[in-house]
Amino acid sequence: MNDFSQSFEERLQEIEEYLDFLEALEQQVQSGTPQLGENGATITVKQQRILYSSVYLQLYNLIESTISRCLQAVSEGIIEEGVRPDQLSEDLRREWVRFVARTHTELNYENRLRSVLVLCEHLIQELPISTFEISKGAGGNWDYGLINSLGERLGFSLSVSRGTYQNIRRRIRDDKGVLELVKGFRNDLAHGSISFAECGEGVTVSELRDFTNRTSAYLREIIDCFKSSLENCQFLRPEHRPNNQENEIVSEQSP
């Protein structure tokens with residue numbers, strides 16, 4: 001997970017550097033028409049808006065890549081620990097069966113039989129899990145609600161601090177929070193229902209930086225939640241967790 005956290009920070013740094021560029025451009029606009037070099041081409045308002053709109057794409061990329069790497073960390077952790085299917089928590093065992101038996105994939109009779117035989121072989125011989133990929137789903141619609149639902153699906157607690165929750169849920173524009181706003185603009189651009197110039201209209205670099213700060217603070221806490229779930233072996237059935245963690249978790253949840 002340390003490598004994953006580093007990857008997150010590197011991607012975030014790319015956005016920060018891009019915002020620095022936009023900020024410098026915005027400062028030039030205040031002094032007159034921005035220009036590339038002393039005798040270079042001028043940058044139009046339309047071009048400036050197109051540059052601004054790219055931030056929404058970068059932020060959504062950060063959101064989806066973070067979720068992808070969190071899920072990858074869970075599946076890799078299970079494989080590295082040599083966990084057997086019977087040791088998995090009920091929620092993660094369901095995900096493993098979904099993956100091995102390919103229950104959500106259209107298969108012909110032979111391929112369906114082959115998948116079921118692989119599942120049976122694991123269970124009969126009590127083999128450790130060697131391959132596992134947790135379905136991400138969502139299809140370009142990641143926001144607070146879907147991330148929260150993902151945690152429930154895996155049996156992980158993805159609770160964030162009150163301040164972060166308020167910042168991520170506060171309505172900014174069109175009755176949407178920052179993640180909903182980013183998701184909406186990303187999908188509108190991807191589906192061609194809005195132009196890049198239209199997307200970047202009426203927004204400032206200061207606002208884009210605020211969106212970035214809110215999003216990154218939330219994602220950092222989500223990463224910490226996944227780290228905690230892995231460290232506490234919440235992917236295992238309570239009786240298989242080391243150091244009798246069942247009792248520890250129960251006591252932490254007690255009022």
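A residue is called buried when its relative accessible area is under 20%. The close-up views below are taken from a predicted model.

**Figure 1. Threonine T66 and its surroundings in helix α2**. T66 has a relative accessibility of 1% and therefore counts as buried. Apart from neighbours within four places in sequence, T66 touches F4, F8, L219 and I223.

**Figure 2. Arginine R84 in the loop between α2 (45–80) and α3 (90–101)**. With 25% relative accessibility, R84 counts as partly exposed. When neighbours within four places in sequence are set aside, the contacts of R84 are E126, L127, P128 and I129. The C-alpha atoms of R84 and L22 are separated by 51 Å, and these two residues are 62 residues apart along the chain.

**Figure 3. The aromatic pair Y18 and F21 in helix α1**. A pair of aromatic rings is described by the distance of the centres and the angle of the planes. The count for the structure is 7 aromatic pairs. In the pair formed by Y18 and F21, the centres are 6.1 Å apart and the planes make an angle of 45°, a tilted arrangement. Both residues belong to helix α1 (residues 2–30) and are 3 residues apart, about one turn of the helix. Y18 is buried at 18% relative accessibility, whereas F21 is partly exposed at 42%.

**Figure 4. The aromatic pair Y56 and F211, joining two helices**. The ring centres of Y56 and F211 are 6.4 Å apart and their planes meet at 35°, so the pair is tilted. Y56 lies in helix α2 and F211 in helix α9 (residues 205–231); the pair therefore ties together parts that are 155 residues apart in sequence. Y56 is buried, with a relative accessible area of 0%, and F211 is also buried, at 3%. Ring pairs link Y56 and F211 with F185 in a cluster.

**Figure 5. Helix α3 and its buried residues**. The 12 residues of α3 should span 16 Å at 1.5 Å a residue, and the end C-alpha atoms are indeed 16 Å apart, so the two values agree. The buried residues of this helix are L92, E95, W96, V100 and A101. After α3 comes R102, which has a positive phi, near 50°.

**Figure 6. Glutamate E95 and its salt bridges with R98 and R153**. Side chains of opposite charge can pair when their charged atoms come close. The salt bridge between R98 and E95 has its closest N and O atoms 3.4 Å apart. R98 and E95 are about one helical turn from each other, because they are 3 residues apart in helix α3. E95 is buried, with a relative accessible area of 1%, while R98 is partly exposed, at 22%. E95 also meets R153 in a salt bridge, with an N to O distance of 2.8 Å. This second pair links distant parts of the chain, since R153 is in helix α5 (residues 144–154) and E95 in helix α3, 58 residues apart. R153 counts as partly exposed at 26% relative accessibility.

**Figure 7. The salt bridge between D143 and K183**. The closest N and O atoms of D143 and K183 are 2.8 Å apart. D143 lies in the loop between α4 (109–125) and α5, and K183 in helix α7 (residues 178–190), so the pair ties together parts that are 40 residues apart in sequence. Both partners are buried: D143 has a relative accessible area of 11%, and K183 has one of 18%.

Terms used:
Residues are numbered from 1 along each chain as its sequence is written. This is a predicted model: local features need pLDDT of at least 70, side-chain atom pairs count only at pLDDT 80 or more; totals for chains, interfaces and linings use all residues. Side-chain values use heavy atoms; hydrogens and water are left out. Helices (H or I, at least four residues) and strands (E, at least two) are DSSP runs, numbered from the N terminus. Buried means under 20% relative accessible area, exposed over 50%, partly exposed in between (1.4 Å probe, protein chains only). Contact means heavy atoms within 4.5 Å. Rings of Phe, Tyr and Trp (its six-membered ring) pair if their centres lie within 6.5 Å; planes under 30 degrees apart count as stacked, over 60 as edge-to-face and the rest as tilted. The expected span of a helix is 1.5 Å times one less than its number of residues. A salt bridge is a side-chain nitrogen of Lys or Arg within 4 Å of a carboxyl oxygen of Asp or Glu.
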